[in-house]
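Me: Please walk me through this structure in short questions and answers.

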Amino acid sequence: MMKKEEYRQLAKAAIEARRFSYTPYSHFKVGAALLDSQGRIYTGCNIENAAFSPTICAERTAFSKAVSEGSRDFVAIAVAGGLEGAGLPLEECTPCGVCRQVMMEFCRPDSFQIILARSESEYRVCSLSELLPAGFGPGNLISGEN
């Protein structure tokens, strides 16, 4: 189980990553901070595209950075999102279904923690299995040896 200060640190990193979002269409900015088992934090932001389908979420940006740098064992992710604009409060922003599926690929559903941050001190923590009950992942596939 993570300590309160670790939750705050991840929430802060997600909020900071949100600043780099490229959201000219939805104006809904999301930042993510992914913690691996070695204590490294990988951040990401959402990046929209006029063609829509190439858009990538903040969570998948963070996972892509981490995996491309050799990390594959993850402990938690903080997500912070909301409409851009001065004075607008952050909302509780849950990962989309595609992001949950990516998490299922790399994380243990019962122990991987998702921190839904409204601020550094206001957040809700849930497990991947709570957000993706009966999820399908690598354990569902049988690999045969030749």
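The turns below cover a helix, a surface patch, salt bridges and backbone angles.

Reply: This is a predicted model, where local features need pLDDT of at least 70, side-chain atom pairs count only at pLDDT 80 or more, and totals for chains, interfaces and linings use all residues. Residues are numbered from 1 along each chain as its sequence is written, and side-chain values use heavy atoms, with hydrogens and water left out.

Me: What span should helix H1 have, and how far apart are its end C-alpha atoms?
Reply: Helices (H or I, at least four residues) and strands (E, at least two) are DSSP runs, numbered from the N terminus. The expected span is 1.5 Å times one less than the number of residues. H1 holds 15 residues, 4-18, so 21 Å is expected; the end C-alpha atoms agree, at 21 Å.

Me: Which residues of H1 are buried?
Reply: Buried means under 20% relative accessible area, exposed over 50%, and partly exposed in between (1.4 Å probe, protein chains only). The buried residues of H1 are Tyr-7, Leu-10, Ala-11, Ala-13, Ala-14, Ala-17 and Arg-18. They cover an arc of only 160 degrees around the axis, which puts them on the same side of H1; the arc is taken from the directions from the helix axis to the C-beta atoms. On the other side of H1, the exposed residues are Lys-4 and Glu-5.

Me: Which strands do the buried residues of H1 pack against?
Reply: Contact here means heavy atoms within 4.5 Å. The strands packed against are S1 (28-36), S2 (41-45), S3 (74-83), S4 (113-117) and S5 (123-127).

Me: What is the area of the nonpolar surface patch that includes Ile-47?
Reply: Patch residues have over 30% relative accessible area and no salt bridge; like charges are joined within 9 Å, nonpolar side chains (Val, Leu, Ile, Met, Phe, Trp, Tyr) within 5 Å. Areas come from the Shrake-Rupley method with a 1.4 Å probe; for residues, only the protein chains shown count as cover. Ile-47 is partly exposed, at 37% relative accessibility. Together with Tyr-22, Tyr-25 and Phe-52, Ile-47 makes a patch of about 430 Å².

Me: How many salt bridges are there?
Reply: A salt bridge needs a side-chain nitrogen of Lys or Arg within 4 Å of a carboxyl oxygen of Asp or Glu. One of them joins Arg-40 and Asp-36, at 2.7 Å from N to O. By this rule the count is 4.

Me: Is Asp-36 buried or exposed?
Reply: Its partner Arg-40 has a relative accessible area of 40%, so Arg-40 is partly exposed. Asp-36 has a relative accessible area of 2%, so Asp-36 is buried.

Me: How many residues apart in sequence are the parts that Glu-92 and Arg-124 tie together?
Reply: The closest N and O atoms of the Glu-92 and Arg-124 salt bridge are 2.8 Å apart. Glu-92 lies in the loop between S3 and H3 and Arg-124 in strand S5, so the pair ties together parts separated in sequence by 32 residues.

Me: What is the phi of His-27?
Reply: Most residues other than glycine have a negative phi. His-27 sits in the loop between H1 and S1. Its phi is positive, near 60 degrees.

Me: Is Ala-134 buried or exposed?
Reply: Ala-134 lies in the segment after helix H4 (128-131). Ala-134 also has a positive phi, about 55 degrees, although it is not a glycine. At 84% relative accessibility, Ala-134 counts as exposed.
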